[in-house]
Amino acid sequence: MRLLKVATCNLNQWAMDFECNMKNIKTSIVQAKASGAVIRLGPELEVTGYGCEDHFLELDTVTHAWECLKELLLGDWTDDILCSIGMPVIKGAERYNCQVLCMNRRIIMIRPKMCLANDGNYRELRWFTAWKQRGELEEFHLPIEISEALSQESVPFGYGYIQFIDTAVAAEVCEELFSPVPPHAELALNGVEVFMNASGSHHQLRKLDIRLNAFMGATHARGGVYMYSNQQGCDGGRLYYDGCACIVVNGDVVAQGSQFSLKDVEVITSQVDLDAVASLRGSISSFQEQASCKVKVSSVYVPSKLTQSFNLKMTLSSPKKIMYHSPQEEIAFGPACWLWDYLRRSGASGFLLPLSGGADSSSVAAIVGCMCQLVVKEIANGDEQVKTDAKRIGNYVDGEFPTDSKEFAKRIFYTVFMGSENSSEATKMRAKQLADEIGAWHLDVCIDGVVSAVLTLFQTVTGMRPRYKVDGGSNVENLGLQNIQARMRMVLAFMLASLLPWVHSKPGFYLVLGSSNVDEGLRGYLTKYDCSSADINPIGSISKQDLRLFLRWAATNLGYQSLADIEAAPPTAELEPIRSDYSQLDEVDMGMTYEELSVYGRMRKIFRCGPVSMFKNLCYKWGTKLSPAEVAEKVKYFFKYYSINRHKMTVLTPSYHAESYSPEDNRFDLRQFLYNSRWPYQFKKIDEIVDGLNGDSIAFPEEGTSAKEVGIVAANSGDPSAGL
């Protein structure tokens, strides 16, 4: 037997905070060595933090990374352990995203990333160059300060692996695993048995299985030990890196870290037998045949052993059941952990949320409540960093610290019901009940006086006073009156967030939380600069349908029973007067249902459909219920209002990224914000198709026919309503 103990980790790094990052790196190495591991893998770009973005263009960033690596190598951190450290490296005129492989205070080789992530939220080609030389390793001269400190002039640089006396080890960096021809396939044929994948992967609902299946698939048919490391937490932007460090042996997961956690460092280890890898490979005829005529990959020889022989004191790791969270749990824990990182790193003393008693703002409140529960639980489990942060944020004195989530929420969470003459007693009571269940400091404010003052000013200036539509006013008047209320709430929210801590003799300021969902952003069903405008928004990339599922789950699992009544209530903005024969409803205002919006959003973004393609696909999807002409009207109606309101995305509050059809304008969904909302060419094409179908017999699929059978690949989702 060749017994090998390996360690990988989740690290909560912070972009550009080198002291924070180095502390976590050192802690992970210490824990790995204490466990007896001889290989330690860290996340991609762990020294700088993955989310530095244009800071990667600054020479200082690369220089500081080298200074940090020098500190590690001059100490005893790498003694008797192979460490893979992620950092940017400049070679010649190019900047590379690299894994620096170190052991015994020496750099063994530098492995640059060959396939850069450059879609969705990723823009690596903006900052890095992909390494394209797959031949011999090149000589890299270390920066002079590093060379003198380490007494090492140069190191091998490029695509290759490390050959030890008893095994071979190689790096495969994040996106490379998902490329059409991943490096691990070729490396396995060259005898590499241990693969180290350093990653910077963010959370997205219902996507973890894709990642884990890739790890298992990498070694299922060709054998090997596959190690995966990831960042975990908010490193300064909209993304939450969702950890889940794991170790896979011959296609079986033998160790898995948490997906959501408040810990800064989480190290997982496994004891594996490399002879099991050799045995599997020897039993696969096709592997043997391809290995016999392989393309040779360069290597660096290290005259050291990593493995131990048969030893009953060492227990082999066994396959384990993979842990997957439900989408409702993902919505609870992911944004909650993201909020905690943002809160503790921003210098704020808490959150303020305009709580309307509706589904969206109540979801945000429940997520903050979940955050408070996680903080108290982690403190009870002995996490000193969480305890220190919570004491500072909650303004605890002496030896006090949070032991009850409701008491902690009272210190850091304000909720404000900003009612008007158009608000119902039911929503007011629901907001109060939920705030009490969470423990928030709740305020009930009537904004009628402020709105009336603004209208009086308008009347003084213009001599006219607008009326609601139900009172005989025009659409323009009706919309203007709604916008005044919404914008007054934003102004009051920011005023309260800045001054309430002063009123209560607390230090600092509060962050204002937004509560618009992804579907409302897509449709533009929000007032520009209303309560959707905030400091951050934990649900801005989550669909209404998923939020309703979350509310039902949270009512039971988080203990906030009022959420069941909130979820059952019809969505309404409550910006128009309530009459015996009229009550404002969101879906009526929008002219489409939230379920339809999810379909439009997925087709527009995930399946890259313009108006004509969307119309054709929806004829199959909805053809048993709607005529082509009716489908055409729905598609044209959606694109009209999507394009009219696209400008609102340019000022959308920074939101937690969770959904693959988010319209977020900053980096994920890059499109113009000034459209010809009549779409004359596209809509004319749709009309021509409809005219051509009149009188024809159209074969539509039966109810229940899968989207795949009609040429559409359904969204990856456990919820049937989330597919096309």
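Let's start with strand β5, residues 106-112. Six of its seven residues are buried, so this strand is largely enclosed by the rest of the structure. Please keep in mind throughout that this is a predicted model.

What does β5 pair with? Its partner is strand β4, residues 94-103, and the two run antiparallel, with six bridges between them. If you want one pair to click on, take cysteine 98, whose bridge partner in β5 is proline 112. The two strands form a hairpin, and two residues separate them. One residue in that turn, asparagine 104, has a positive phi of about 50°.

While we are here, have a look at valine 100, which belongs to β4. Its relative accessible area is 0%, so valine 100 counts as buried. Which residues does valine 100 touch? Leaving out residues up to four places away in sequence, the contacts are Leu69, Cys83, Ser84, Ile85, Met87, Val89, Ile107, Met109 and Ile110. As for distance across the hairpin, the C-alpha atoms of valine 100 and proline 112 are separated by 8.5 Å, and these residues are twelve apart along the chain.

Now a word on what the record says about this part of the chain. UniProt, in an unreviewed entry, places the feature "domain: CN hydrolase" at residues 4-274. In the model, that span is 23% helix and 32% strand, and its end C-alpha atoms lie 7 Å apart.

Next stop, glutamate 193. You will find it in the loop between α4, residues 183-189, and β10, residues 194-199. Is glutamate 193 buried or exposed? It is buried, because its relative accessibility is 7% and the cut-off for buried is under 20%. Does a charged side chain in there have a polar partner? Let me put that another way: what does its side chain reach? There is a polar contact of 2.7 Å between the side chains of glutamate 193 and threonine 167. Residues touching glutamate 193, beyond four places away in sequence, include Arg2, Asp166, Gly224, Leu274 and Arg281.Let's move on to the cysteines. How many disulfides are there? The count comes to zero. As a reminder, a disulfide is a covalent bond between the sulfur atoms of two cysteines. Take cysteine 244: the closest cysteine sulfur is in cysteine 246, at 5.8 Å, so the two are too far apart for a bond. Seen from the other side, cysteine 246 is in no disulfide either, and its nearest cysteine sulfur is that of cysteine 244. Cysteine 244 is buried, with a relative accessible area of 1%, and cysteine 246 is buried as well, at 0%.

Now follow the chain further along, to a sheet. This one is open, has four strands in the order β19-β18-β17-β20, and pairs in parallel. Where are the edges? They are β19, residues 441-446, and β20, residues 510-512, each of which pairs on one side only. On average, neighbouring strands here are turned by 25° against each other, direction ignored. Between β18, residues 413-419, and β19 there are six bridges. One pair to look up is tyrosine 414 with its bridge partner in β19, tryptophan 441. Helix α14, residues 475-503, lies across β17, β18, β19 and β20, and runs at about 145° to β18.

Serine 562 deserves a quick visit too. It sits in helix α17, residues 562-568, and is buried, with a relative accessible area of 2%. Not counting residues up to four places away in sequence, serine 562 touches Gln433, Leu434 and Glu437.

Last residue for today: arginine 667, in the loop between α21, residues 628-644, and α22, residues 680-693. This arginine is buried, at 16% relative accessible area. What does arginine 667 touch? Away from its sequence neighbours up to four places off, the contacts are Glu53, Gly120, Asn121, Tyr122, Arg123 and Trp127. A polar atom of the arginine 667 side chain lies 2.5 Å from the backbone oxygen of asparagine 121. There is also a long link in sequence terms: arginine 667 and arginine 238 are 429 residues apart along the chain, while their C-alpha atoms are separated by 9.9 Å.

That's my tour, thanks for listening!

Conventions
Residues numbered from 1 in each chain as written. Predicted model: local features only at pLDDT ≥ 70, side-chain atom pairs only at ≥ 80, totals over all residues. Heavy atoms only, no water. Buried < 20%, exposed > 50% of the residue type's maximum accessible area, 1.4 Å probe, protein only. Pairing = 2+ DSSP bridges. Contact = heavy atoms within 4.5 Å. Polar contact = N/O pair within 3.5 Å; in protein donor to acceptor, adjacent residues only side chain to side chain. Disulfide = S-S within 2.5 Å. Axes fitted to C-alpha atoms, helices over the stretch in contact; angles between N-to-C directions. UniProt positions renumbered as here; feature names shortened; annotations may be inferred.
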